[in-house]
Structure formats: structure tokens, C-alpha cells
Amino acid sequence: MQTSRTPDHEPAPSPADGAGPSSADRSLAGRTALVTGAASGIGLACARALAAAGAHVHIVDKSAEAAERLAGELGATAWVVDLSDPEVVETLPADVDIVVNNAGLQHIAPVHAFPPERFTLIQRVMVETPFRILRRTLPGMYERGWGRVVNISSVHGLRASPYKAAYVTAKHALEGLSKVVALEAAEHGVTSNCVSPGYVRTPLVENQIAAQALTHGISQEEVVGKVMLERSAVKSLIEPADVADAVLWLCGPRTGHITGTSLSMDGGWTAN
């Protein structure tokens, strides 16, 4: 099922790259963005940041109520789809300037006990679907000579942790896909980058905190400080809005030479 809301007015014509509107917080006026997993967590923060900067946002999420509510709040368009079915990508808009591949899920188990169907599902949502979205949206960006691809990766796209075989595999693959797109898209004025945070205060992470506290028989505070952030120099969770600010910066002016990279927001984890 897909549902949509039409904004009260059509977006203004796209500004030239680097020219931008006079107000810095409207630097994306006239642009169109597609954000997956946009109804909660990092995706929600990204949708709000992009909309505040003037972009018309396509909110892609499987939660109809949350997506429609956010669309109403932002004057955005909601697309209620389940990205575990890659074919639904063909129902999403192709004519967008910005793609934020954010949707994801987690499963924790040792490799020998990891359910194969769960491994396959995670690759489908977090690797195949971003590939299909980019395959569909890049031609329009190339034609217009401007585009921004931001893939929400993770410190687990750069480092591994035990018991997260599917998630670590998917994030490493997303990093690779992002680099290939960067090389192919450069001549067309399109950049492709990853933002790779450590643990972010999202429903997915908060569920992990509760589960690990129960498993290890320790408090949730100890899970955060002694388990999750053991390898991080900064001993606090990242806020979704901080990740969204990084995404917004990569989509803004004067970032045309930043491509094929992974912006680490891991509190020093990868410095170890």
C-alpha cells in the first residue's frame, strides 16, 4: 500500500549548486529528498532536517500511522511500503535530488546459530533495496547534473562486533556500494557518502540495551557504558539530530568534492 500527501504548494525551481537561497537554513529550497525508514530514529531526524532546509521530503516507512503523521507535520509525502520486498522500490518516486538510505534492522546471534532467513532479510533491506533505489534515482540526478546520496552506515560498516554477522555484513556492503556510486557519479555532479555513527539513541538501540541488561543481569546504564561504549572514547549515546546535521551538511553547498568517503561519528571508536 502507498499513501501520499500533497504539499500546499509546489517547490520552487532548483537553485544552482552553491548559489542557494539567501537564508542558510533554506539551502535545499526546491530540492526533493527521499528518506527510507523515515518515521523514527535517525530517519525521522533526517526528514525533519531536510524539510527545515527547504526540501520536499518523501517519507518511506512501513508504519502507516507514523509516516502519515510526519507527512502532515512536514508538508511531505508519505509512502507506506515494506522494503523487505525489493519490488516495491518500483512504486517509489524516481525523480529526487537527494537519497538517504537509512532503513535497517538488527538480529543478534552467533554465526552457527544465526537464522539464514533473518540473514537474508537484513541483506535485502539494507543492501539490495538501497541498490535498487539508487539504480532508479541516479539517472534523474545525472540528467539534472546534481545529486546527493547519503547512506546511513555505522561504525559496524568499518569495524566488526561478535554476534552481528548480518548487520556487519550489510553495513560493509553498503559502504562498498556507496564508493562505487561515488566513482560512477562524480562526472555527473552527484556525490555519494556514508555517515557512520556509533550507537545512536534510537528505538533499535534502546531495545538492544534492555535485552542485554536482561541477558547479562546488569543495569541498562552499565550496558551503555561498559558494553556498548567500551571501545568509544566518548561515553554517551549519539542523538539522532546530530546524525541528521551531518547528513544535511553533506547535502548542502560547498560539499561537491566530498564523495566516496565515510564520515565517522563514533566517539573515537575507530581511533582504537
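## Exercises on a two-domain predicted model

About 910 Å² is buried between domain 1 and domain 2, with carbon and sulfur atoms giving 55% of that area. The model is predicted.

**Exercise 1.** Describe how domain 1 and domain 2 are laid out and joined.

*Solution.*
- Start with the bounds. Domain 1 covers 32-198 + 239-260, and domain 2 covers 199-237.
- Next, the spacing. The domain centres, taken over C-alpha atoms, lie 24 Å apart.
- Then the contacts. 15 residues of domain 1 meet nine residues of domain 2.
- Now the polar links. Five residue pairs are in polar contact between the domains, both residues at pLDDT 80 or more.
- Look at what domain 1 offers. Helix H1 (41-52) and helix H7 (240-251) each give at least two residues to the side that touches domain 2.
- Sort that side of domain 1 by class: seven nonpolar, six polar and two charged residues.

**Exercise 2.** Find which residues form the salt bridge with the closest N and O atoms 2.9 Å apart.

*Solution.*
- Count first. There is one salt bridge between domain 1 and domain 2.
- Name the partners. Arginine 201 pairs with glutamate 239.

**Exercise 3.** Is serine 161 buried or exposed, and which side chains does serine 161 contact through polar atoms?

*Solution.*
- Locate serine 161. The residue sits in the loop between strand S5 (147-152) and helix H4 (165-185).
- Apply the cut-off. Buried means under 20% relative accessible area. Serine 161 has 13% relative accessibility, so serine 161 is buried.
- List the polar partners. The serine 161 side chain makes a polar contact of 2.7 Å with the histidine 156 side chain. Another, also 2.7 Å, joins the side chains of serine 161 and arginine 231.
- Add the wider contacts. Leaving out residues up to four places away in sequence, serine 161 touches His156, Val168, Arg231 and Trp269.

Notes. Residues numbered from 1 in each chain as written. Predicted model: local features only at pLDDT ≥ 70, side-chain atom pairs only at ≥ 80, totals over all residues. Heavy atoms only, no water. Domains from an automatic or database assignment. Contact = heavy atoms within 4.5 Å. Buried area = accessible area lost by both parts, 1.4 Å probe. Salt bridge = Lys/Arg side-chain N within 4 Å of Asp/Glu carboxyl O. Polar contact = N/O pair within 3.5 Å; in protein donor to acceptor, adjacent residues only side chain to side chain. Helix = DSSP H or I, 4+ residues; strand = E, 2+ residues; numbered from the N terminus. Nonpolar A, V, L, I, M, F, W, Y, C, P; charged D, E, K, R; others polar. Buried < 20%, exposed > 50% of the residue type's maximum accessible area, 1.4 Å probe, protein only.
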